[in-house]
Amino acid sequence: MGGFGSGRPSGGGRDKVEACRSIDVNRLHREGCLRGGWMGGWQWSRDGKKVASINLRTDHDRLHLTYRVRIGGGEWEDVNETVRIVRTPCRFGGARPYFVCPGVVNGTACVRRVAKLYGPGRYFVCRHCYRLAYASQSEDAQRRSMRRASKIRQRLGGNAGTASPFPPKPKRMWRRTYERRREQAFDAEERADEALLPYVARLLARTNNRKGTRSFWK
């Protein structure tokens with residue numbers, strides 16, 4: 001396999017995992033695709049339309065990928081990639097599968113155990129090799145807190161955001177679990193409000209200055 005450079009920018013300039021095609025070992029495992037001798041296909045869709053596909057074949061400890069890729073508007077290339085699979089025992093029985101990342105960065109093999117491989121380039125490797133960031137890493141404190149609160153609301157069966165009432169306790173959920181999650185959501189929303197205050201203050205100050213009035217906001 002080809003190597004990967006390390007010249008990607010850090011921070012907000014990094015590509016995001018959410019924008020990349022990915023292969024999830026846990027999903028393949030749940031759907032029975034990691035059995036030795038299994039063959040099939042996988043595809044990715046956007047807005048209900050197929051945008052890419054891949055052929056898969058599984059040995060007991062190998063996943064073979066066959067697909068076509070075009071880099072930077074060049075010619076289409078056929079790619080055959082093999083990814084090793086390892087399984088670690090679970091505490092209460094069974095085993096959990098992991099991909100062993102086949103990436104090579106600056107001549108050094110990655111070999112991280114990962115649940116997902118990403119394909120923004122020629123090969124499917126882990127997010128560390130491509131230096132991918134999560135979208136949440138580039139969010140400011142206010143959006144990050146609101147995102148966390150909305151996730152809790154949705155897990156409880158409600159709607160994202162504070163415009164809707166907080167969802168009631170789901171059936172079969174322990175009362176103390178519900179109360180803990182509600183407090184976590186309220187705390188995150190309070191942090192979001194606190195993070196927004198400096199921005200509101202600066203906005204009001206600029207507005208008042210344009211009007212020629214003195215602002216008491218600091």
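What follows is a short exchange about the cores, salt bridges and charged surface of a predicted model.

Colleague: Which residues have the most contacts inside the largest nonpolar core?

Modeller: The largest nonpolar core has 32 residues. Several helices and strands give two or more residues to this core, including helix 1 (25-30), strand 4 (49-58) and helix 2 (127-130). Those with the most contacts inside the core are Leu28, Ile54, Leu65 and Phe99.

Colleague: Which element gives the largest share of this core?

Modeller: Among the elements that give two or more residues are strand 3 (39-46), strand 5 (62-69), strand 6 (77-89) and strand 11 (116-118). The largest share is four residues. That share comes from strand 5.

Colleague: How many residues are in the second, separate core?

Modeller: The second core is separate from the largest one. Among its members are Ile152, Leu156, Met173 and Tyr178. The number of residues in this second core is six.

Colleague: Is Trp44 buried or exposed?

Modeller: Trp44 sits in strand 3. Its relative accessibility is 13%. Buried means under 20%. Because 13% falls under that cut-off, Trp44 counts as buried.

Colleague: What distance separates the C-alpha atoms of Trp44 and Ser22?

Modeller: Trp44 belongs to strand 3. Along the chain, Trp44 and Ser22 are 22 residues apart. Their C-alpha atoms are separated by 8.8 Å.

Colleague: How far apart are the closest N and O atoms of Arg68 and Asp78?

Modeller: Arg68 is in strand 5 and Asp78 is in strand 6. The two residues are 10 apart, and the pair links distant parts of the chain. Both Arg68 and Asp78 are exposed. They form a salt bridge, with the closest N and O atoms apart by 3.1 Å.

Colleague: What is the N to O distance between Arg27 and Glu31?

Modeller: Arg27 is partly exposed, at a relative accessible area of 41%. Glu31 is also partly exposed, at 47%. Their side chains meet in a salt bridge, and the N to O distance is 3.4 Å.

Colleague: Which residues are joined with Glu179 into one network?

Modeller: Arg182 and Glu179 both lie in helix 4, three residues apart, or about one turn of the helix. They form a salt bridge, the closest N and O atoms being 2.6 Å apart. Arg182 is partly exposed at 26%, and Glu179 is partly exposed at 26%. Salt bridges with shared partners join Glu179 into one network with Arg175 and Arg182.

Colleague: How many salt bridges does the count come to?

Modeller: One salt bridge pairs Arg27 with Glu31. Arg68 and Asp78 form another, and Arg182 pairs with Glu179. The count comes to eight.

Colleague: Which helix gives the most to the positive patch?

Modeller: The positive surface patch is formed by Lys151, Arg155, Arg176, Arg180 and Arg181. Helix 3 (141-155) and helix 4 (175-210) each supply at least two of its residues. With three residues, the most comes from helix 4.

Colleague: Why does Arg176 count as exposed?

Modeller: Arg176 is part of the positive surface patch. Its place is in helix 4. Exposed means over 50% relative accessible area. Arg176 counts as exposed because its relative accessibility is 59%.

Note on methods. Residues are numbered from 1 along each chain as its sequence is written. This is a predicted model: local features need pLDDT of at least 70, side-chain atom pairs count only at pLDDT 80 or more; totals for chains, interfaces and linings use all residues. Side-chain values use heavy atoms; hydrogens and water are left out. Patches are made of residues with over 30% relative accessible area and no salt bridge: like charges are joined within 9 Å, nonpolar side chains (Val, Leu, Ile, Met, Phe, Trp, Tyr) within 5 Å. Accessible areas come from the Shrake-Rupley method with a 1.4 Å probe; for residues, only the protein chains shown count as cover. A salt bridge is a side-chain nitrogen of Lys or Arg within 4 Å of a carboxyl oxygen of Asp or Glu. Lys and Arg count as positive and Asp and Glu as negative; His and the chain ends are not counted. The place of a charge is taken as NZ of Lys, CZ of Arg, CG of Asp or CD of Glu. Buried means under 20% relative accessible area, exposed over 50%, partly exposed in between (1.4 Å probe, protein chains only). A nonpolar core is a set of buried Ala, Val, Leu, Ile, Met, Phe, Trp, Tyr and Cys residues joined through side-chain atoms within 4.5 Å.
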